[in-house]
Amino acid sequence: MDANPPVRELAMSISNTALTIEDRKLLFTNLLRADEYDRTMYKRMMSGKLLGFYHPGEGAIAPGIGAATFLNQDDVLSPHHRAHGMAHALAKGVDLKPYLAEHTGKAGGCSEGRSSFHMSFPEHKIYMFSGFIGFNFAPAVGYGYAAKLSGKGQVVMMCSGDGSYGQGRAHEAMLMAQNMKLPIIFWCENNGLAIHAEASEMHPMPDISSLADGYGMPKRIVDGQDVFACAEAAREAIDHAREGKGPMFVECKTLRLKEHDIGTPDLIGSTPRSKEDILKQAEREPVKLAMQKVLADGLFTMDEIDDLRTAARAEVEAAWDWADAQPFPEDGEAELMTHVFAPNAEDAA
Amino acid sequence: MTRQLPFIEAIREALREEMIHDDKVFLVGQDIRGAIYPHTKGLVDEFGPDRVVDTPISESGMYGMASGAALQGYRPVVDFMFGGFTYVTFSEATVTTGQQYFLHGSKSNMPLVITAGVGAGMRLANDHSMAIHGTFAHHPGIKVAMPSTPYDAKGMFKAAIRDNSPVVIPWHMALMMDKGEVPDEDYVVPLGKADIKREGADVTVVANSQQLKFALQVAEKLDGEISVEVFDPRSFVPFDMDLLLTSLAKTSRLVIVDEDWESGGFAATLSARVMEQGFDLLDAPVLRVTFPNMPIPGGVLEPRVMPNPERIEAAIRAVME
Ligand SMILES: Cc1ncc(C[n+]2csc(CCOP(=O)(O)OP(=O)(O)O)c2C)c(N)n1
């Protein structure tokens, strides 16, 4: 795989999407926070201290930060599953603690300890996270339709990988969204791989965003390793959707520096992925790239970056301490059965 | 001659030998060349990418493709990785393929196989833990079977591939590395033949896959106190009612264990059939051990609601009272 995926069409119209210095500082800070989170998840999984599985985000956390940092609180976010969506979620203001507690099966977990990796933050307009790839396309049409009806100018950030565009529902959703001019951003984080399958083999066109052409949907392609470029593209698409111009497709060309999920061999087809390729790709690790930029642009000094790192580490460690101190849920079958259906008004009487 | 083989390796042998035996057999799934589970490992090297086909993440496409190829004379095996993913292609997998033979005048065979890893125990929550055998058994025109030992796995996969109707044959992930005797020579375990995995006189326990292991543990534990006959249906559709009635004539008591939801599951169907066909044989009401009707939770909650040896033992004691 090419370590420097060709970027044919960079985010444009800098005018209303341009990032201020404060915006760039915020993006960089969020990137460090997500990076610290992802590293601890990896370590925890490796030492058997995480429930279920973990799909490491290393190399691929910039698109999530770009997509979610400048969403409004009442915009709907549907995170990509990689890193189990927390890069996206923390950029939208979600607290790490209840997610870490969930991933360790604790009572204080965001899904009451019932769900292992499923995040549930409806208070941040993040819903229905599922282990079924492609699960979020059709609901996104519904979020978008509701946004259109309510007329409050909300948008829907619908994030997923290249692989998810194999699902028929992706195409159904694009069709419906474009027909109804719904405020949805189809945000594709193309890391070139889906488990062992290369995007170049599973999709006939080099860019997943070509799919948008068939629906007459505008599209952008960005360097997914560049958190600032991702954020500019997100802003442009968000503005477009918010102004009632309908959906937009944004493809972030990103990478995967680790195996698909911890413990699964890192193969392409049936042959191991070349170590040299991965090392070459690692040169485009997003934190490294962002750091070069912020230093070159004089946004932060090296000392300030160290401080930000330390603060990010402290935030994540404090979240783990909190999660670890939570008790396991006490619910047995009878109690759990009372949570299968939502109560109706008359049930309270 | 026989050898000791792990369960998953027995499935691999069945796939490989049937691919050698019949060049119309091909495998289709996601990441099966690289082998998410070892049952497809190395097969692409031997048979090439036309017969070990990796698809995009397109479950409906993958399954629909298999049905079309089956009508053109091929015998595809569709691998869904996790059982829950079959729900993505529900109409193709249940209605159109299952009803094709009958509704189109008994003219065209539909020889295809659906397989997937299934089962609770990994604390991953519903999407990756739910059962599929009961759901498919509800739909006419589909055979449904699930092996519990390496011997059964190899023989039943072979029978499934040779069958002229759609066969759903999930395998339980908790059994993956279990070892057992597998013959060297070609054999099949016919679909529709149950197996008494342990003889007993006081109570019949119907159980399969992981739950069969639990039932055998309980039977061993109760040895000398209660004599438990452990009945492995092996296949749910068709079901070996004759053997079950023979067993009940001896024991007159029945516990049905099913790692599936209580409502509308296979255990419910079987319980009703026993009422209809074997009521006079029974000395006590039939008891079931199943998942309660809630999404299977992950984490520490899963074992609290999952059928397990304690629940099986409690049901056996209750039915003996
Ligand atoms: C319906 C469904 N089919 C298959 C899978 C197994 N699976 C999990 S992740 C994955 C690859 C997803 O690829 P992509 O969307 O590109 O995201 P990436 O993991 O590469 O970040 C697959 C096939 C699944 N979880 N759900």
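1. A quick definition first: a salt bridge here is a side-chain nitrogen of Lys or Arg within 4 Å of a carboxyl oxygen of Asp or Glu. Keep in mind that this is a predicted model. With that rule, E333(A) and R311(B) pair up through their side chains at 3.0 Å, N to O. The interface of chain A and chain B has two salt bridges by this rule.

2. On the rest of that interface: 13 residue pairs are in polar contact across it, both partners at pLDDT 80 or more. On the chain A side, α8 (199-202) and α14 (333-337) each bring at least two residues to the surface touching chain B. The largest share, three residues, is from α14(A). By type, that side of chain A splits into 15 nonpolar, 16 polar and seven charged residues.

3. As for extent, 38 residues of chain A and 34 residues of chain B take part in the contact. Together the chains bury about 2,800 Å², with 64% of it on carbon and sulfur atoms. E333(A) turns up again here: along with F132(A) and M202(A), it supplies 21% of the area chain A buries against chain B, more than any other three residues.

4. Now look inside chain B, which is divided into domain 1 (2-183) and domain 2 (195-320). Their C-alpha centres are 26 Å apart. In chain B, 28 residues of domain 1 touch 27 residues of domain 2, and the area buried between these domains is about 2,100 Å², 55% of it from carbon and sulfur atoms.

5. Between those two domains of chain B there are three salt bridges. D152(B) and R234(B) form a salt bridge at 2.9 Å, N to O.

Key: Residues are numbered from 1 along each chain as its sequence is written. Chains are lettered from A and ligands numbered from 1 in the order in which they are written. This is a predicted model: local features need pLDDT of at least 70, side-chain atom pairs count only at pLDDT 80 or more; totals for chains, interfaces and linings use all residues. Side-chain values use heavy atoms; hydrogens and water are left out. Contact means heavy atoms within 4.5 Å. Buried area is the accessible area (1.4 Å probe) that two parts lose on being put together, summed over both. A polar contact is a pair of N or O atoms within 3.5 Å; within protein, one must be able to donate a hydrogen and the other to accept it, and residues adjacent in sequence count only if both atoms are side-chain atoms. Helices (H or I, at least four residues) and strands (E, at least two) are DSSP runs, numbered from the N terminus. Ala, Val, Leu, Ile, Met, Phe, Trp, Tyr, Cys and Pro count as nonpolar, Asp, Glu, Lys and Arg as charged, and the others, Gly among them, as polar. Domain bounds come from an automatic or database domain assignment.
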